[in-house]
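Student: I should like to request a close look at one part of this model. Please proceed step by step, and explain each term when it is introduced.

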Amino acid sequence: MKAVVVDVLLGVGVGSILLSCLGLLASGGPFEQLHFTGPAATIAPVAIAAAVIVDESTPSSMAVKSVITAVILLVTSPVLVHATARAIRVRRHGRFQILRDELARKENP
Amino acid sequence: MNAWLIAATVLLAGLLPCIYVVMRGSRVSALIALELASTLTTLTLLLIAQGLHRDPFADLALVSAVLSFAGSLTFVRFLERWV
C-alpha cells in the first residue's frame with residue numbers, strides 16, 4: 001500500500017512538471033509562459049516531499065530536508081514570478097514612474 | 001533502478017523543452033525557461049538522493065533551491081535594467 005501511495009505521489013509530481021515544460025514550449029508570450037512555472041514550483045515539490053515522508057515512514061533527516069526544500073520552492077517561486085513579470089513590464093513600458101505621472105495628470109488635469 | 005531514480009530520469013527529459021526555449025526564445029522567455037529548469041533540477045537532485053538512500057545528497061537540492069532563487073533574481077535585475 002505504501003509503495004502505491006509513493007508511486008502515485010511521484011507520478012503527480014513528475015507529471016505536473018512535464019506538463020509545465022510542455023506548456024512552456026506551447027505557449028506564446030512570456031506572460032503566458034510565466035503561468036506554467038506555477039505547477040512545477042507548487043504541486044511537484046509538495047507531492048515529492050509527501051512521497052519522501054510516506055516512504056521514510058519514521059521522522060528522518062531526509063524527510064526534513066525534502067520538506068525544507070519544498071517550502072523554499074513554495075516561498076521563492078511567487079517572488080520570482082512577480083519579479084520576472086515586473087521586469088517584462090518595465091522592459092516594455094518603462095518604469096512605474098510613468099503610471100504615477102499619469103495618475104497625477106488625471107487628478108489635476 | 002527504483003521508482004525514485006526512474007522519476008528522476010523522466011524529470012531530466014523535461015529539461016529538453018527548457019533548453020529549446022532558452023536557445024530559440026526571446027531573452028525573457030529564456031529566463032523563464034531557466035527558472036523552470038532550476039526548479040526541475042532541484043527536484044531531480046532530491047529524487048536522486050532518495051533513490052540512492054544518501055542523505056547528504058539532499059543537501060545539494062537544498063543549496064540548489066536557495067542559490068537558483070538568488071541567481072534568477074540577479075538575472076531578472078539585469079534583464080530589467082541593462083540587458
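Student: Which pattern does chain A follow when read along the sequence? Please then look closely at how the helices of chain A pack.

Tutor: Chain A follows the pattern α-α-α-α-α when read along the sequence. It has five helices and zero strands; helices (H or I, at least four residues) and strands (E, at least two) are DSSP runs, numbered from the N terminus. Residues are numbered from 1 along each chain as its sequence is written, while chains are lettered from A and ligands numbered from 1 in the order in which they are written. This is a predicted model, in which local features need pLDDT of at least 70, side-chain atom pairs count only at pLDDT 80 or more, and totals for chains, interfaces and linings use all residues.

Confidence comes before detail. The predictor's confidence in each residue is given as pLDDT, from 0 to 100. Chain A averages 88, and 95% of the residues score at least 70. Among the elements of chain A, α1(A) has the highest mean, 93, and helix α5 (residues 97-107) of chain A the lowest, 71. Where pLDDT is low, the predicted coordinates should not be read in detail. The model as a whole scores ipTM 0.90 and pTM 0.88.

The overall dimensions of chain A come next. Along the principal axes, the C-alpha atoms of chain A fill a box of roughly 70 × 30 × 20 Å. The radius of gyration of chain A is 20 Å, whereas a compact globule of 109 residues would have one near 13 Å. That radius is taken over C-alpha atoms, and the globule rule is 2.2 Å times the number of residues to the power 0.38.

The first packing to examine is that of α1(A) and α3(A). Their axes come within 8 Å and cross at roughly 165°. Such axes are lines fitted to C-alpha atoms, for helices over the stretch in contact, and the angles run from 0 to 180 degrees between N-to-C directions. The two helices α1(A) and α3(A) are therefore roughly antiparallel to each other; angles under 35 degrees count as roughly parallel, over 145 as roughly antiparallel, 65 to 115 as roughly perpendicular and the rest as oblique. Their crossing is left-handed, a term used if the near helix is turned anticlockwise from the far one by less than a right angle, with right-handed used if clockwise.

Residues of α1(A) in this contact include A:Val5, A:Leu9 and A:Ile17, and those of α3(A) include A:Ile43, A:Ala47 and A:Val54. Two residues are in contact if their C-beta atoms, placed from the backbone, lie within 7 Å. By class, the contact of α1(A) with α3(A) has 16 nonpolar, four polar and two charged residues. Here Ala, Val, Leu, Ile, Met, Phe, Trp, Tyr, Cys and Pro count as nonpolar, Asp, Glu, Lys and Arg as charged, and the others, Gly among them, as polar.

Helix α3(A) also packs with α4(A), at an angle of about 170° and with the axes 9 Å apart. That makes α3(A) roughly antiparallel to α4(A). Among the residues that meet are A:Pro45, A:Ala49 and A:Ile53 in α3(A), and A:Ala70, A:Leu74 and A:Val81 in α4(A). The residues of this contact divide into 14 nonpolar, five polar and one charged.

Chain A also touches chain B, in a contact that takes 38 residues from chain A and 36 residues from chain B. The elements giving two or more residues to the side of chain A are α1 (2-26), α2 (30-35), α3 (37-56) and α4 (61-93) of chain A. Of these, α4(A) gives the most, with 16 residues. That side has 26 nonpolar, eight polar and four charged residues by class.

Chain B offers a companion case. It has four helices and zero strands, and its mean pLDDT is 92. The axes of helix α2 (residues 15-24) of chain B and helix α3 (residues 27-52) of chain B come within 8 Å and cross at roughly 155°. That makes α2(B) roughly antiparallel to α3(B), and their crossing is left-handed. The residues of this contact divide into 10 nonpolar, one polar and no charged.
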